[in-house]
Structures are given as structure tokens and as C-alpha cells.
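Subject: Structure handover

Hello,

Here is the structure for your work. My notes on it follow below.

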Amino acid sequence: MGDTGGVLELFAGIGGVACAWPEAENVVAVDINRQAAAVYRANFRHRYEVLTIDEGAIERPPLSSLLTRPTWWLSPPCQPYTQRGKQRDWLDRRAEGLRACLRAIEHYRPAWLVLENVASFRQSHSRYQLQSVLERRGYHYQETLLCPAEFGWPNRRPRYYLIAGQASCRPWRPKPLYHLDVGQLVQSPSELASDGMTDLRLPEDVSHRYRDALDRCGPASLRPTACFTAAYGKTILNAGSYWLDDRSGRPGWRRFSPREVARLLGFPDTFHLAPGTPRTMWKLLGNSLSLPVVRYVLSHLPHGPEPILPWHSATGRRWRPPAGAW
Ligand SMILES: C[S@@+](CC[C@H](N)C(=O)[O-])C[C@H]1O[C@@H](n2cnc3c(N)ncnc32)[C@H](O)[C@@H]1O
């Protein structure tokens, strides 16, 4: 891996990129969310600016001075493009940050740019606007949908990824890099208890009512879990999977703990989660990134890392980041 020369993580949240790329130096993160910033700061020593990315902010410090960095990662809000949102796309007020970033790309021309968003971004007018800027500024770019399940990771999270640069980079050829199943990432009863996660069970009437609609997994299932969204813990359906809990001889369905969701996204156990109710952490994690895919995408940068997460072990348990990282 060459010198990264400085990485700017825009819409950084809890730091999916910083975590997936512990070798990167000189990383700066920007996001508006203070809760996310607190989690990020508990995990990384990198600078984190809590501010709103908009047309004004890109023209003045501190953001204007950070935009000179050669590598940018952008994970702008997905609500303008999701089924749950109103699909106002480019006109949505939550696309303001992306609109500002496109102006910044025109102006600052970073050497390398990576963008992640929900799969439906691919059909959006915002993507058309992004492509227009890249083409006007002479970028080479490639884009595709990638899902951690195609890498052998037991979670589904199909997302749109784009990588752009002043030169072209290696094409994507996803292949299994991991051999994990869900059961390997589930916490033991004693781990759950020591994390205070004693209340994850769905009430029996809820389990019964949604019996056929819940995305369910158990020790015998080889299917990857569903995509965990920011609504997990708030909405029952289409927000993530449920695990068969057969402790106490009374089988039932329980939610995955925040630590388990973090593992399913590829975060190592050394990653500090926010204290307090699980709902905060489910929300922050649901907005974050799939680290095995992020790492794979980053490996396509000329100065990027190796494609496999450095703390991965065959068992998926007891992960440790490399010594000295973060
Ligand atoms: C899809 S999430 C990205 C999360 C991040 N990649 C992670 O690993 O946690 C989008 C993030 O954009 C932030 N955000 C939304 N609009 C923003 C704006 N105009 N300026 C700064 N941050 C913004 C949200 O707070 C949220 O953390």
C-alpha cells in the first residue's frame, strides 16, 4: 500500500471507512450527527468535524481546507432514494449534502473518489448529476452493486458503489473471500448477559402475528441475514433478521444485539459501541457500512489496502485489529 496522502470521509457517521481501513493515515471525518461523532471519537484518534455539509460550508474553513485531500469517501444520506422515503431524489432537502459535494468535486478535483449508497441510487437523477460532473472533469469511473453475501459474509446489504479517479483502476471481480455463517457471529448467552442484553425477545403475540413475515435465522440456517436498517428495533418488518432463541426451553425469536449487528457489518469486537439502550446503536449501525465490501472496494485504489479485513479469522470470533491501528 502506498502513502494514502490524506483521506476525507464525508458523511462519516460512526466511521465505517476508518474502521475498514485502519492502515490509512491522515484521515479526517465530517458529519452532522453528534451521537455518531461520540462513537467515532471513542474509537479513532482521527479529526472529526461536526458540521452540515452544504453549499456554504464547502466554501469556508474548516471544510474548504479539508477538501484539498486527494482521496474522498462519500456515503450521503439514502432517504431521497429509498422506498420508505418520498423518493424526491435530487430535490429532497437531504440531498443537499450531495449537491454541495458535486460542486466541491468540480472545484477541488480530488484524485480519487468513492461513493456508496442504496441500490436504487443507480436509477436516480442524482447519479446522473454525479456522472455529468465526473465526465465534465475527465474522471475515469466504474460503478456496480455489491453485497457482502457475494463475498461469503453472512449478511445481505446490496449497495451501489462508484469509484472514480484521474486514472482508471482494476475492474471489480467479486468472489468469496470469507467463509462465515450467521451462527459464528452470534453472541453466547453469557456475552449477551454481560452486555446487559437480556431483553431482546419479541413479545409472543408479535412473534405469532408476524410469524411468516419475519426474516428468521437459527443455528441450522445457512442463509445470510437480511439488511439491518436504521429502523431495526423500531419497526418489526423489513428492518433486519431475528434469531431463534431457545434458551430456557421456551423457543422464541429475538432481535440481534447491537454487538451482533456490528459483527454482521464486519466491525471487530474491539469497536466500542455507544452505551445506553440498544436502539441508539441499532440506528447508527443501520446507517453505517458493510466493512468487508468497503475494504474490497478500497483495495481497488492504487494506494488502497489488501482486500480482506485484517482482523478476520476463520471462526469470525475474537477479532483484533492489527497492532498500532487506530
Ligand atoms: C448513510 S449515513 C453514512 C454513515 C457512515 N458511512 C457510517 O459508517 O456510519 C449518512 C450520514 O450523513 C450524515 N448527514 C446527512 N446530511 C448531512 C449533511 N448535510 N452534512 C453532514 N452530514 C450529514 C448523517 O448524520 C449520517 O451519519
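Helices here are DSSP runs of H or I with at least four residues, strands are runs of E with at least two, and both are numbered from the N terminus. Counted that way, the protein chain has 10 helices and 10 strands. Its radius of gyration is 20 Å, close to the 20 Å that the globule rule gives for 326 residues, so the chain is as compact as a globular protein of that length. Please keep in mind that this is a predicted model.

Overall dimensions and packing

The C-alpha trace spans about 65 × 45 × 35 Å along its principal axes. Buried residues make up 42% of the 326 in the protein chain. If one takes the contacts between residues at least 6 apart in sequence, 67% of them join residues at least 24 apart.

Ligand surroundings

There are 21 residues around the ligand, and F11, G13, G16, N33 and G97 come nearest. By type, the shell divides into 9 nonpolar, 9 polar and 3 charged residues.

Strand β4 and its partners

β4 (71-74) pairs with two strands that I can list. Strand β1 (residues 7-10) runs parallel to β4 and is joined to it by 4 bridges; in this pairing V7 stands opposite T71. Strand β5 (residues 112-118) also pairs with β4 in the parallel sense, over 4 bridges, and here L74 of β4 stands opposite L115. As for the side chains of β4, T71 and W73 point one way while W72 and L74 point the other way, and all are buried.

The sheet β8-β9-β10

Three strands form an open sheet in the order β8-β9-β10, with mixed pairing. β8 (215-217) and β10 stand at the edges, and each has a single partner strand, so one side of each is left without a neighbour in the sheet. From one strand to the next the twist averages 45 degrees.

The mixed pairing can be followed strand by strand. β8 and β9 run parallel and are joined by 3 bridges, with D215 opposite S241 in β9. Strand β9 (residues 241-245) and β10 pair in the antiparallel sense over 4 bridges, and W243 has R254 in β10 as its bridge partner.

Along β10 (residues 252-255) the side chains alternate. W253 and R255 point to one face and are buried, while G252 and R254 point to the other face and are not buried.

Backbone geometry to check

Most residues other than glycine have a negative phi, and most peptide bonds are trans. Three places in this model depart from that pattern.

- The peptide bond from P61 to P62 is cis, with omega near 5 degrees. P62 is in the loop between β3 (47-50) and α3 (63-66).
- N26, which is not a glycine, has a positive phi near 60 degrees. N26 is in the loop between α1 (16-20) and β2 (27-31). With 14 C-beta neighbours inside 10 Å, N26 counts as partly exposed, because a residue is called buried at 20 or more and exposed at 12 or fewer.
- D89 is not a glycine either, and its phi is positive at about 55 degrees. D89 lies in the loop between β4 (71-74) and α4 (96-108). D89 has 19 other C-beta atoms within 10 Å and is partly exposed.

Regards

How values were computed. Residues numbered from 1 in each chain as written. Predicted model: local features only at pLDDT ≥ 70, side-chain atom pairs only at ≥ 80, totals over all residues. Rg over C-alpha atoms; globule rule 2.2 N^0.38 Å. Contact = placed C-beta atoms within 7 Å. Near = placed C-beta within 6 Å. Nonpolar A, V, L, I, M, F, W, Y, C, P; charged D, E, K, R; others polar. Pairing = 2+ DSSP bridges. Axes fitted to C-alpha atoms, helices over the stretch in contact; angles between N-to-C directions.
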